[in-house]
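Hello,

Here is the structure I promised to pass on to you. Please have a look at it first, and then read on for my notes.

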Amino acid sequence: MNTPKTEWPSSLGDDELEELDQYLRGHVGEGDLLLDGVHGLLSAVTVGPTQVLPEEWLPEVLHEPFTDETEGNRVLALLAKLNDSIRVELDVDAYEPILGEVDTETGPVLSAAGWCEGFSRGIDLRAGLWEKRLADDPQLMELLGPVMALAVDEGILSADAEFEKLSEDEYDECLTQVPGVLNAVNLYWNEHPVSEAEIEAAVRPAEDKEPHEAPPRQRSGHWVH
């Protein structure tokens with residue numbers, strides 16, 4: 001089912017997206033997420049194994065106190081609306097990832113790098129649950145295949161083996177599969193919810209866990225951890 005954009009509930013209009021984009025660009029530090037990354041982060045949170053509260057994901061988006069209360073309330077309202085829109089758009093088959101642009105010799109082209117970086121950070125917010133299930137159930141890894149391919153291609157995630165760069169057609173094909181991936185992953189967690197044992201293992205104190213080094217991520221030529 002394809003629902004016209006004007007009928008999408010809770011979706012941000014172009015002016016609102018531009019407003020949020022401009023705020024984020026004006027308050028960005030090295031390695032911070034821009035609008036495409038925030039959308040990827042919230043997308044992972046939306047389809048993930050357990051609820052992630054705003055107080056958990058907001059520190060990934062906002063990194064300094066608001067100097068103007070009115071502006072702060074406006075930004076928080078836009079972020080809440082963006083977050084709510086993802087679930088609704090997935091439900092009505094109207095979801096599209098927000099992509100950034102990179103300059104090339106032939107002009108600007110769309111890039112999933114920022115969205116993938118944000119998606120990976122959204123997974124990190126429930127890293128223990130995602131990592132254990134990905135290790136135990138190859139079905140989940142298979143469902144995430146197109147997103148993983150984009151993330152590896154953009155250098156956001158490292159891979160054990162060498163992979164050739166995706167062709168333009170392959171890259172575009174992976175992009176077109178992103179909405180389906182999110183719906184499939186959301187359905188997966190609904191049909192295979194996390195167990196109490198998985199939750200307990202994920203929330204163990206850090207000192208009780210085996211040392212774990214996160215895979216390197218790269219965004220805009222800078223390494224971030």
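What percentage of the 225 residues of the chain count as buried? The answer is 43%. Please keep in mind that this is a predicted model, so everything below was computed from it.

**The overall layout**

The chain contains 10 helices and 4 strands. Going along the sequence, you will meet them in the pattern α-α-α-α-β-β-α-α-α-α-α-α-β-β. If you look at contacts between residues at least 6 apart in sequence, 73% of them join residues at least 24 apart.

**Two covered helices**

Let me start with helix α2, which runs over residues 35–47. Its 13 residues reach 19 Å from the first C-alpha to the last, close to the 18 Å expected at 1.5 Å a residue. This helix is mostly covered, with 13 of its 13 residues buried.

Helix α5 (residues 113–124) has 12 residues and spans 17 Å between its first and last C-alpha, close to an expected 16 Å. Here 11 of the 12 residues are buried, so α5 is largely enclosed by the rest of the structure. Among those buried residues are Trp115, Cys116, Phe119 and Ile123, and the list also includes Glu117 and Arg121.

**The cysteines**

Cys116 of α5 leads on to the next point. The structure holds 0 disulfides. Cys116 is in no disulfide, and the nearest cysteine sulfur, that of Cys174, lies 9.3 Å away. Cys174 is likewise in no disulfide, with the sulfur of Cys116 as its nearest cysteine sulfur at 9.3 Å. A disulfide here needs the two sulfur atoms within 2.5 Å. As for their surroundings, Cys116 has 3% relative accessibility and therefore counts as buried. Cys174 counts as buried too, because its relative accessibility is 10%.

**A perpendicular helix pair**

Next, have a look at α6 (residues 127–136) and α9 (residues 168–191). These two helices pack at an angle of about 90°, and their axes are 14 Å apart. They are therefore roughly perpendicular to each other. On the α6 side the contact is made by Leu129, Trp130 and Arg133, and on the α9 side by Val185, Tyr188 and Trp189. Sorted by class, this contact has 5 nonpolar residues, no polar ones and 1 charged.

**Two residues to look at**

Asp93 has a positive phi of about 60°, although this residue is not a glycine. You will find Asp93 in the loop between α4 (69–91) and β1 (100–104). With a relative accessibility of 40%, Asp93 counts as partly exposed.

The other one is Leu110, in strand β2 (residues 107–111). Leu110 is exposed, with a relative accessible area of 53%. Its C-alpha is 6.2 Å from that of Leu99, and the two residues are 11 apart along the chain. Setting aside neighbours within four places in sequence, Leu110 is in contact with Leu99, Gly100, Glu101 and Tyr171.

Happy browsing, and all the best!

How values were computed
Residues are numbered from 1 along each chain as its sequence is written. This is a predicted model: local features need pLDDT of at least 70, side-chain atom pairs count only at pLDDT 80 or more; totals for chains, interfaces and linings use all residues. Side-chain values use heavy atoms; hydrogens and water are left out. Axes are lines fitted to C-alpha atoms, for helices over the stretch in contact, and angles run from 0 to 180 degrees between N-to-C directions. Angles under 35 degrees count as roughly parallel, over 145 as roughly antiparallel, 65 to 115 as roughly perpendicular and the rest as oblique. Contact means heavy atoms within 4.5 Å. Ala, Val, Leu, Ile, Met, Phe, Trp, Tyr, Cys and Pro count as nonpolar, Asp, Glu, Lys and Arg as charged, and the others, Gly among them, as polar. Buried means under 20% relative accessible area, exposed over 50%, partly exposed in between (1.4 Å probe, protein chains only). The expected span of a helix is 1.5 Å times one less than its number of residues.
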